[in-house]
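Trainee: Got a minute to go through this one with me? I'd like to start with the pockets.
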Amino acid sequence: HRRLRSVLDVRKQMVGIMDRYKHDIVSCGMRNYDPVRRSLCAGFFRHAAKRDPQEGYKTLVEGTPVFIHPSSALFGKNPEWIVYHKLVMTSKEYMHDATVVEARWLVEVAPTFFKVADANHISKRKRNERLEPLFNKFEKPGEWRISRVRKPRRAKQTFG
């Protein structure tokens, strides 16, 4: 009930803004919600988050780990990119009012804030994070192993 009232208030505000600037109110159609999602992306680009391979999401601005709230329609779907309205801290930091967006939209709506990374260039930080195999003189170059293998020591023998 509370959410529906909130939706009606937002719609009333949007109709007022459209009237003030003399824009036509046009439906986005039955299935094409991309214009609405793009407009939310344009308004909330600073609240963008990318899915983290370890757990949940990370905000793009601060790198804070956040999660989709269990009451959200997106819970369990794990989209790659999300914009959200607010964060709520309970046992974890949860995103409320989240919407799925495309990464390219962030670059389009906020080109001074986001840019497309060069696929041929890697940052110094990422270069330092790259895994390298440990050197093993008994294996072929570039051969992988988990860690150094310790050779068992001989027990010291004392002679009499």
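Trainee: How much space lies in the largest pocket?
Mentor: About 1,600 Å³. Keep in mind that this is a predicted model.

Trainee: How many residues line the largest pocket, and which lie nearest its centre?
Mentor: The lining has 38 residues. Nearest the centre are Val 7, Val 10, Met 14, Val 36 and Leu 40.

Trainee: Which elements give two or more residues to that lining?
Mentor: Helix 1 (2-20), helix 2 and strand 7. Helix 1 has the largest share, with 10 residues.

Trainee: And by class, what is in the lining of the largest pocket?
Mentor: There are 20 nonpolar, 11 polar and 7 charged residues.

Trainee: What about the second largest pocket, how much space is in there?
Mentor: About 390 Å³. Its lining includes Leu 60, Trp 81, Phe 113, Phe 114 and Asp 118. Helix 3 gives the largest share of that lining, 3 residues.

Trainee: How many polar residues are in the lining of the second largest pocket?
Mentor: None. The lining has 9 nonpolar and 2 charged residues.

Trainee: You named two Phe residues there. Let's switch to rings. How many aromatic pairs does the count come to?
Mentor: The count is 3 aromatic pairs. One of them joins Phe 45 and Phe 113 edge-to-face, with 5.4 Å centre to centre and 70° between the planes.

Trainee: Where do Phe 45 and Phe 113 lie?
Mentor: Both are in loops. Phe 45 lies between helix 2 (34-43) and strand 1 (48-51), and Phe 113 lies between helix 3 (103-109) and helix 4 (124-129). The pair therefore ties together parts that are 68 residues apart in sequence.

Trainee: Does Phe 45 pair up elsewhere, I mean, what is the geometry of Phe 45 and Phe 114?
Mentor: Edge-to-face, at 6.4 Å centre to centre and 80° between the planes. Phe 114 is in the loop between helix 3 and helix 4, so this pair ties together parts that are 69 residues apart in sequence. Ring pairs link Phe 45, Phe 113 and Phe 114 into a cluster.

Trainee: Is Phe 114 buried or exposed?
Mentor: Phe 114 is buried, at 14% relative accessibility. Phe 113 has 34%, so it counts as partly exposed.

Trainee: Which residue lies over the face of Phe 67?
Mentor: Lys 92 does. The distance from the ring centre is 4.4 Å.

Trainee: New topic, the sheet. How many strands form it, and in what order?
Mentor: It is an open sheet of 7 strands, ordered 5-6-3-2-1-4-7, with mixed pairing.

Trainee: Which strands stand at the edges?
Mentor: Strand 5 (86-89) and strand 7 (99-100). Each has a single partner strand, so one side of each is left without a neighbour in the sheet.

Trainee: What joins strand 5 to strand 6?
Mentor: A hairpin, through 3 residues. Strands 5 and 6 run antiparallel and are joined by 4 bridges. Leu 87 has Met 95 as its bridge partner in strand 6.

Trainee: In which sense do strand 3 and strand 6 pair?
Mentor: Parallel, over 2 bridges. Here Ile 68 stands opposite Met 95 in strand 6.

Trainee: And how do strand 2 and strand 3 run?
Mentor: Antiparallel, with 2 bridges joining them. Lys 58 has Pro 65 in strand 3 as its bridge partner.

Terms used
Residues numbered from 1 in each chain as written. Predicted model: local features only at pLDDT ≥ 70, side-chain atom pairs only at ≥ 80, totals over all residues. Heavy atoms only, no water. Phe/Tyr/Trp six-rings, centres within 6.5 Å; stacked < 30°, edge-to-face > 60°. Buried < 20%, exposed > 50% of the residue type's maximum accessible area, 1.4 Å probe, protein only. Lys NZ or Arg CZ within 6 Å of the ring centre and 35° of its normal. Pairing = 2+ DSSP bridges. 1 Å grid on protein atoms, 1.4 Å probe; cavity = no way out; pocket = protein on both sides within 12 Å on 5 of 7 lines; lining within 4 Å. Points joined across faces, edges and corners; volume = space filled by probe spheres on them. Nonpolar A, V, L, I, M, F, W, Y, C, P; charged D, E, K, R; others polar.
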